[in-house]
Amino acid sequence: MDTSLQKPIVVPPGSGKILQFLGVTHKLTGAQIGGAYYLCEAEFAPERGSPLHIHHYEDEVIYVLEGAIDIRLDNEKLHAPAGGLVHLPKNVPHALYNPLKTPLKIMVCAIPGGLENYFDEVEAALQRGPLDDETHRKISMKYGIEWLE
């Protein structure tokens with residue numbers, strides 16, 4: 001992590017690098033802030049989510065902007081409505097799910113930064129066409145993400 005003095009950054013509403021296929025908007029990347037963290041907005045369609053997975057490199061903090069999120073752990077389910085916050089330490093298996101019939105919008109902070117590079121690589125692969133399991137697995141492994149289902 002770069003410890004040199006960083007300059008303040010303002011990210012205006014509606015701005016940031018938009019990843020169309022993933023529904024993710026980069027707000028602050030590790031490169032912008034010396035690697036300290038990565039901040040993004042993500043959207044999930046109604047009754048959709050991500051499979052069970054582990055982040056081996058970063059903690060995640062999820063703040064619910066709109067809607068509600070269910071987070072499945074091994075034998076437990078967490079629920080956070082709009083305004084709620086969830087901390088997911090690294091190495092904790094989890095799956096994210098939008099239980100509502102309306103879109104879910106969340107702000108995700110990954111600590112330290114670097115998760116944005118995973119999203120960028122997956123987005124680039126999807127722009128070339130469908131993403132096969134082997135390619136996704138290789139990209140995921142590179143960034144310390146392990147898919148369990």
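**Exercise 1. In which loop does Pro112 have its place?**

Before solving, a word on the model. It is a predicted one, where local features need pLDDT of at least 70, side-chain atom pairs count only at pLDDT 80 or more, and totals for chains, interfaces and linings use all residues. Residues are numbered from 1 along each chain as its sequence is written, and side-chain values use heavy atoms, with hydrogens and water left out.

*Solution.* Start with the elements: helices (H or I, at least four residues) and strands (E, at least two) are DSSP runs, numbered from the N terminus. Pro112 sits in the loop between E10 and H1. Next, look at the bond before it: Ile111 and Pro112 are joined by a cis peptide bond, with omega about 0 degrees.

**Exercise 2. Find what lines the largest pocket.**

*Solution.* First, the term: on a 1 Å grid over the protein atoms alone, a pocket is an open set of points where a 1.4 Å probe fits, with protein on both sides within 12 Å along at least five of seven lines; lining residues have an atom within 4 Å of a point.

Second, the volume is about 730 Å³, counted as the space filled by probe spheres set on the points, which are joined across faces, edges and corners.

Third, the lining has 28 residues, and Leu22, Phe44, Ser50, Phe119 and Trp147 lie nearest the centre. Strands E3 (38-44), E4 (53-55), E10 (104-111) and E11 (145-147) and helix H1 (115-128) each give two or more residues. H1 supplies the largest share, five residues.

Fourth, sort by class: 19 are nonpolar, five polar and four charged. Here Ala, Val, Leu, Ile, Met, Phe, Trp, Tyr, Cys and Pro count as nonpolar, Asp, Glu, Lys and Arg as charged, and the others, Gly among them, as polar.

**Exercise 3. Why is Cys109 in no disulfide with Cys40?**

*Solution.* A disulfide is a pair of cysteine sulfur atoms within 2.5 Å. The Cys109 sulfur has its closest cysteine sulfur in Cys40, 9.0 Å away, which is too far for a bond. A search of the whole structure gives zero disulfides. Now check accessibility, where buried means under 20% relative accessible area, exposed over 50%, and partly exposed in between (1.4 Å probe, protein chains only). Cys40 is buried at 1%, and Cys109 is buried at 17%.

**Exercise 4. Place two positive phi values.**

*Solution.* Most residues other than glycine have a negative phi. Glu47 has phi near 55 degrees; this residue lies in the loop between E3 and E4 and is partly exposed at 38%. Asn91 has phi near 70 degrees; Asn91 belongs to the loop between strands E8 (85-88) and E9 (95-97) and is partly exposed at 41%.
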